[in-house]
Amino acid sequence: MKLATFRRGGVHPDDKKQLSKDKKLERLPFPSELVVSMSEHLGAPAVLTKKKGDTVTRGEVIGTAAGYISADVHSPADGVVTEIRRVRVQSGAVAEAAVIRCNPEQSDPWTEKHPWRGMSGEELLRLVRDMGIVGMGGATFPTAVKLTVPMGKTVDALIINGVECEPYLTSDYRLMIERPDEVLEGVMIAAAIVSPKRIIIGIEANKMDAVALLSEKAAAHGYPIEVMPLKVKYPQGDEKQLIKATIGREVPSGKLPLDAGAVVCNMGTCNAIYEAAVYHKPLIERVITVSGESISEPKNIIAPIGTKFSDLIAYCGGEKDDAVSVVAGGPMMGFAVSDDDTPMVKGSGGLLVLPRMIDDFSAPCVLCGKCVQHCPMGLQPNKMFRNIKYGNYQAAIDLGLMDCKECGCCAYTCPSHLPLVQGFKLGKKLGRKKK
Amino acid sequence: MNTVRTSPHIHGPLRTDKAMLLVIAALAPSALWGVWAFGLRALLVLAVSIAASLLTEYLLGLVSKEFTLRDYSAAVTGLLVGMNMPPEIPLYIPVIASAFAIAVVKWTFGGLGCNWMNPALAGRVFVFFSFTSQMSSFTLPRWLQLDAVSSATPLSAMKTAVTAGAAGRSTDLLAGTIPNTDFAVAVADKLGISPYAVDAFFGNVGGCIGEVSSLLLLAGGIFLIAAHIITWRIPVIYIGSFAILSWIFGGIPYGLGAFSGEILVPVFSGGLMLGAFFMATDWVTTPTTPKGEIIFAAGCGFFTFLIRYFGSLPEGVSLAIILMNIITPTIDRFVKVKPFGYVKKPREKKEAKA
C-alpha cells in the first residue's frame with residue numbers, strides 16, 4: 001500500500017523511539033517546588049494574580065489571559081507562593097513566574113464525569129478557554145482561538161496530529177496506546193466545536209499498532225473518524241505538511257490552516273480537551289518523554305506544569321557520564337537549555353539528555369543544493385543564509401525567510417555544517433526590528 | 001554546565017570532507033583500470049597530478065593562512081586532472097594543469113565554494129590548448145598494442161575520416177585503424193551493435209587514463225547517487241539529451257541522414273561518462289535548484305553534441321561543462337523554486353484615467 005505523505009523536501013533521521021516506546025505512562029510524585037511561568041503559550045504572557053505568601057489550591061487560576069491570543073494559567077498544585085521571580089523558559093522567553101511550594105497532601109477534585117453531548121459549541125469552546133488549553137505539540141497556540149471558526153468559513157477537515165515526527169519523542173504515542181477511548185472522545189468534542197465535514201487522524205507508519213488500535217476503537221464507538229497511516233518523513237508533524245499529506249492542500253503563504261479549510265489539533269491537546277470537557281479539569285499537567293542516550297532510564301511521565309527539568313532527570317535515574325547537552329523538545333527543533341532548573345511549560349513534550357551528537361567540522365558553503373532539495377517549504381536556504389550573513393535582511397525576507405519554520409532539514413543535511421537555522425532565527429529577529 | 005547550541009541537535013551523515021573521500025573511492029576503480037591498461041607510467045601521471053595539486057594548495061595556504069588540505073577537495077581535483085591526461089604525457093603538463101586548477105581557478109576566487117568553474121576541467125582545458133599535440137596523442141591498452149604504440153581515440157579517428165570525406169558508421173570508418181578485442185567482436189555480433197561500442201564500454205580503447213572504462217565509471221557514478229552525494233538528474237539528463245541529439249542529428253555529418261545517428265559509440269567514448277558523473281555533478285559549479293540542474297544538464301548535452309559533431313574538435317565534454325559552469329550563476333539567479341503555499345502577488349491595479 002502506498003502511504004500518503006507531503007510531496008516536497010523532508011529528511012529521514014533515525015527515529016530512536018525504541019528507547020522509550022514501551023515505557024508505560026507513570027505519574028511523577030509531586031516535587032517539593034514548582035515554577036509556573038506566565039509565558040506558557042504563544043502570545044501575550046498571562047497576568048499573575050497572586051502575591052508572595054498567597055496560598056493556592058490545585059486548579060485555581062493564578063494568571064489571567066492578557067488579550068485574545070493568550071491563555072489562563074492554573075495552579076498545578078496545592079501550596080504556597082514563596083516567591084515571584086522572572087524566569088527564562090525553554091523557548092528563551094523571560095516572564096514572571098510563581099514559585100509554589102507544594103503541600104505534602106494534594107487534592108484531586110476531578111473525579112466526577114460531566115455530560116458534554118448536550119452542550120453547544122460555544123459552551124464547549126468557553127470550557128476550552130477557561131481551562132487554559134493550548135496546542136501541546138510544542139507551538140502552544142491557544143486552542144480556543146484555533147477552534148474559533150470565523151463567520152463565513154467552514155471546516156472541511158479536522159485533522160488530528162498523531163504524527164510525532166521528532167525522533168525520541170513518544171508522549172503522544174503512549175497516550176494513543178494507553179488512553180485510546182479518552183483521546184477519541186476528545187477528538188469528538190473538538191469536532192462538536194468546529195463541525196467539520198471529515199475527521200482525520202494522521203499517524204506515521206512507525207506506529208502501526210496505534211493506527212490499528214484507534215481505528216478499531218473508533219469503529220466500536222461508531223465515531224466517523226478516519227485513521228490515516230502516513231509515510232515516515234520529518235517534518236510531517238508540522239501543521240502545513242500534515243494538511244498537505246492528509247487532504248492534499250497547501251496553506252497559502254502567510255495564511256492560516258483555516259484558509260485551506262482545515263483545523264489541526266495535536267493528540268495531546270485532544271487528551272486535554274477531554275479532561276476539560278468531561279472532568280472540568282484545567283491544563284495543569286502533561287505527558288513528557290524523558291529520553292536520550294545519556295539518561296539512565298528513559299521514561300514517559302505525567303508531570304505537573306512547572307516541574308523543573310532537574311526533578312525529571314533525577315526521577316529517571318540521573319544523567320550518565322557522557323551527557324553533554326539537555327534539550328527541551330525534540331532533537332530537530334528543541335531548545336538546548338543551559339540551566340537544568342528550567343521549568344516545564346505546557347508545550348514541553350520531551351526532555352532529552354544527549355551525548356555529543358555533532359562534531360565540530362565546518363567548511364564553507366559548497367553550493368551543493370542539499371538544503372534546497374530538502375526544504376519542505378520550497379525555500380532556498382543557501383541564498384537566504386548568504387544574505388543574512390552580509391546583513392541584507394530584506395533580501396532574505398523577499399526570498400521567503402518568514403515562511404521558514406526552523407524545522408532544521410537544511411542544517412541537518414548541510415555537508416558543511418553551516419548554522420543555517422541559527423542564521424534564520426537571527427535574520428527574522430533583526431529583519432523585523434529594521435522594519 | 002550544559003553545552004548549548006541552536007537546533008537541530010542531530011545531523012545527517014553528509015559531510016563535505018567525507019563526501020570528497022567517497023568521490024575518490026568512486027573514481028578509484030576507473031583510475032586503477034587506467035593503470036592496468038596503460039602501465040605504471042599512468043600511475044606516475046596520477047601521482048604527480050595529485051602531488052602537484054596538494055602542494056599548490058598547501059603553499060597557497062601559507063599565503064592566505066587557511067589550511068584546507070583536510071577537506072580533501074584538492075586531492076579530488078588532482079585525481080581528476082590526472083585521470084584527464086593521456087598516459088604518455090610529459091610530466092610537467094599535469095603539474096601545470098594542477099597548479100592552474102588550484103591557484104588560478106580556485107584560490108584566486110576565494111577557495112572551496114567560490115570557484116566559478118570546475119578546477120580540474122579548467123586545468124585540463126588550459127593545458128589542452130597550450131600543449132595540443134601532447135594532449136592528443138594516445139596509446140592503446142597494453143593487450144591491443146601490436147606494432148604501433150600510439151593510436152587515436154575512436155572519436156578523433158572518426159572525425160579524421162569524416163573530414164577526409166569518408167561516410168558511414170563507426171564500423172566502416174574505423175575498420176583497419178583501430179583494433180577490436182575478439183570478445184567485443186563476438187558480443188557485437190550477438191547484439192547487432194558496433195564492436196567499438198563494446199570495447200569502449202569495457203575500456204579496451206585508447207584515451208585519457210581515467211576515461212576509458214565506461215563500465216567502472218558508471219558503477220562509481222551509481223555508487224555516488226546511492227550515497228546521496230549527487231542526484232540522478234545531471235548525469236541522466238546530460239547523457240540522455242546528448243544521446244537523443246546524436247540519434248536525431250548525429251548522422252548528418254557522417255552522411256547517414258537524420259534519425260539514424262549512432263548512440264552507443266559516442267556515449268561510451270570521449271570522457272562523457274567521466275564528465276557526466278564526476279565533473280558536471282561538482283557541487284560548487286552546478287545550480288542548486290532541481291530545475292536549474294535540469295537546464296544545466298540539458299545545456300551540457302547540447303553543447304557536447306554541438307562541439308563533437310559540428311565543431312573542429314573531436315571531443316567536447318570538457319568545454320561544454322565549462323561553458324555551462326559559466327552560465328550557472330545566471331541559472332541560479334533566474335530559476336526559482338516555487339515555495340510551498342505560493343500565492344501569486346496580485347498585480348497592482350492601474351489607476352483608471354480620469
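## Cores and a sheet in a predicted model

Start with Val187(A): once you set aside its neighbours within four places in sequence, this residue is in contact with Ile160(A), Ile199(A), Ile225(A) and Cys270(A). Keep in mind that the model you are looking at is predicted.

Val187(A) also turns up in the bigger picture. The largest nonpolar core has 145 residues, and those touching the most other members are Val128(A), Leu158(A), Val187(A), Ala190(A) and Ile273(A). Which helix gives the most to this core? That's helix H4 of chain A, residues 180–194, with nine residues. Apart from this core lies another one, made of 92 residues, including Phe100(B), Leu173(B), Val198(B) and Met324(B). As a bit of background, nonpolar side chains in soluble globular proteins tend to be buried together.

Now for the sheet. In chain A, six strands form an open sheet with mixed pairing, in the order E1-E14-E13-E17-E15-E16. At its edges sit E1 and E16 of chain A, each pairing on one side only. From one strand to the next, the twist averages 30 degrees.

Here's where some of the chain A strands are:

| Strand | Residues |
|---|---|
| E1(A) | residues 25–27 |
| E13(A) | residues 285–291 |
| E14(A) | residues 299–304 |
| E16(A) | residues 335–337 |
| E17(A) | residues 350–354 |

Zoom in on E13(A) and E14(A): they run antiparallel and are joined by six bridges. Ile288(A) stands opposite Ile301(A) in E14(A).

What lies across E1, E13, E14 and E17 of chain A? It's helix H3 of chain A, residues 171–178, which runs at about 120 degrees to E13(A).

How values were computed
Residues are numbered from 1 along each chain as its sequence is written. Chains are lettered from A and ligands numbered from 1 in the order in which they are written. This is a predicted model: local features need pLDDT of at least 70, side-chain atom pairs count only at pLDDT 80 or more; totals for chains, interfaces and linings use all residues. A nonpolar core is a set of buried Ala, Val, Leu, Ile, Met, Phe, Trp, Tyr and Cys residues joined through C-beta atoms within 7 Å. A residue is buried if 20 or more other C-beta atoms lie within 10 Å of its own, exposed if 12 or fewer, and partly exposed in between; C-beta atoms are placed from the backbone. Helices (H or I, at least four residues) and strands (E, at least two) are DSSP runs, numbered from the N terminus. Two residues are in contact if their C-beta atoms, placed from the backbone, lie within 7 Å. Two strands pair if DSSP finds at least two bridges between them. Axes are lines fitted to C-alpha atoms, for helices over the stretch in contact, and angles run from 0 to 180 degrees between N-to-C directions.
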